[in-house]
Amino acid sequence: MSLREDFEQALALHITHLLRLAADRRGGVYVLLNELFYSHTDHDPMGEVEKNLLYRKRRIEKELSTPTVEVTLQTVALDADLKPRWIFGVMFNKNEDSVAWEWLIDSVAVTLEPDDSYGIEYWRFSPKNPWPDDFPVNDETWGLYRRLVTGDSLLKTTDPRL
């Protein structure tokens with residue numbers, strides 16, 4: 001497996017692990033989904049509901065983020081079997097490891113599928129920033145990004161894939 005593949009797998013596993021912890025804290029993934037799809041019929045149909053949804057979404061994002069990796073929940077969709085498909089945005093926060101900022105990856109989209117597969121997509125907001133696809137799959141910078149992700153995961157799990 002290349003360093004790039006190691007990084008991408010570690011990123012997906014890291015988010016999956018933190019998502020499971022967040023769901024376990026609430027009593028299961030269905031409770032987490034209820035928090036996200038929550039609605040109040042006895043309040044103003046838009047104002048209160050939107051504020052409550054945004055608050056719950058931000059609280060979950062805070063649990064998924066670490067000092068080095070900021071995670072935002074982009075979408076959750078249910079498949080035909082009512083299993084969730086999650087899409088997260090990931091940004092790397094400024095830190096002392098300046099080499100990891102060499103590529104200036106603006107954002108990474110991570111899609112977690114119900115069958116435990118995942119997809120990774122890279123985004124850049126400035127045309128001056130290079131695409132990660134332009135770099136060799138075994139460039140050591142992939143390893144630096146992986147360490148940014150797994151630095152916090154290793155404290156919370158014994159998953160050998162991390």
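**Salt bridges and burial, step by step**

Student: Why is Glu8 called buried?

Tutor: Glu8 has a relative accessible area of 14%, and because a residue counts as buried when this value is under 20%, Glu8 is rightly called buried. Please keep in mind that this is a predicted model.

Student: What makes Arg4 and Glu8 a salt bridge?

Tutor: The closest N and O atoms of Arg4 and Glu8 are 3.0 Å apart, and since the definition asks for a side-chain nitrogen of Lys or Arg within 4 Å of a carboxyl oxygen of Asp or Glu, the pair meets it. Arg4 and Glu8 both lie in helix H1, which spans residues 3–26, and they are 4 residues apart, about one turn of the helix.

Student: Is Arg4 buried or exposed, and how do you know?

Tutor: Arg4 has a relative accessibility of 15%, which is set against the limit of under 20%, so Arg4 counts as buried.

Student: How do you know that Arg25 and Glu63 form a salt bridge?

Tutor: Their closest N and O atoms are 2.3 Å apart, which falls within the 4 Å that the definition allows. Arg25 lies in helix H1 and Glu63 in helix H3, residues 47–64, so the pair ties together parts that are 38 residues apart in sequence. Arg25 and Glu63 also belong, with Arg26, to a network of salt bridges.

Student: Why is Arg25 called exposed, and why is Glu63 called partly exposed?

Tutor: Arg25 has a relative accessible area of 55%, and exposed means over 50%, so the word fits Arg25. Glu63 stands at 24%, and because partly exposed covers the values between the buried limit of 20% and the exposed limit of 50%, Glu63 counts as partly exposed.

Student: What makes Arg85 and Glu113 a salt bridge, and where in the chain do they lie?

Tutor: Their side chains meet at 2.9 Å, N to O, which is within the required 4 Å. The pair links distant parts of the chain, with Arg85 in strand E2 and Glu113 in the loop between strand E3 and strand E4, 28 residues apart. Arg85 has a relative accessible area of 34% and Glu113 a relative accessibility of 26%, so both are partly exposed.

Student: Why is Ser2 called buried?

Tutor: Ser2, found in the segment before H1, has a relative accessibility of 9%, and because buried means under 20%, Ser2 counts as buried. Ser2 touches Val137 and Asn138, when residues up to four places away in sequence are not counted.

Conventions. Residues numbered from 1 in each chain as written. Predicted model: local features only at pLDDT ≥ 70, side-chain atom pairs only at ≥ 80, totals over all residues. Heavy atoms only, no water. Helix = DSSP H or I, 4+ residues; strand = E, 2+ residues; numbered from the N terminus. Buried < 20%, exposed > 50% of the residue type's maximum accessible area, 1.4 Å probe, protein only. Contact = heavy atoms within 4.5 Å.
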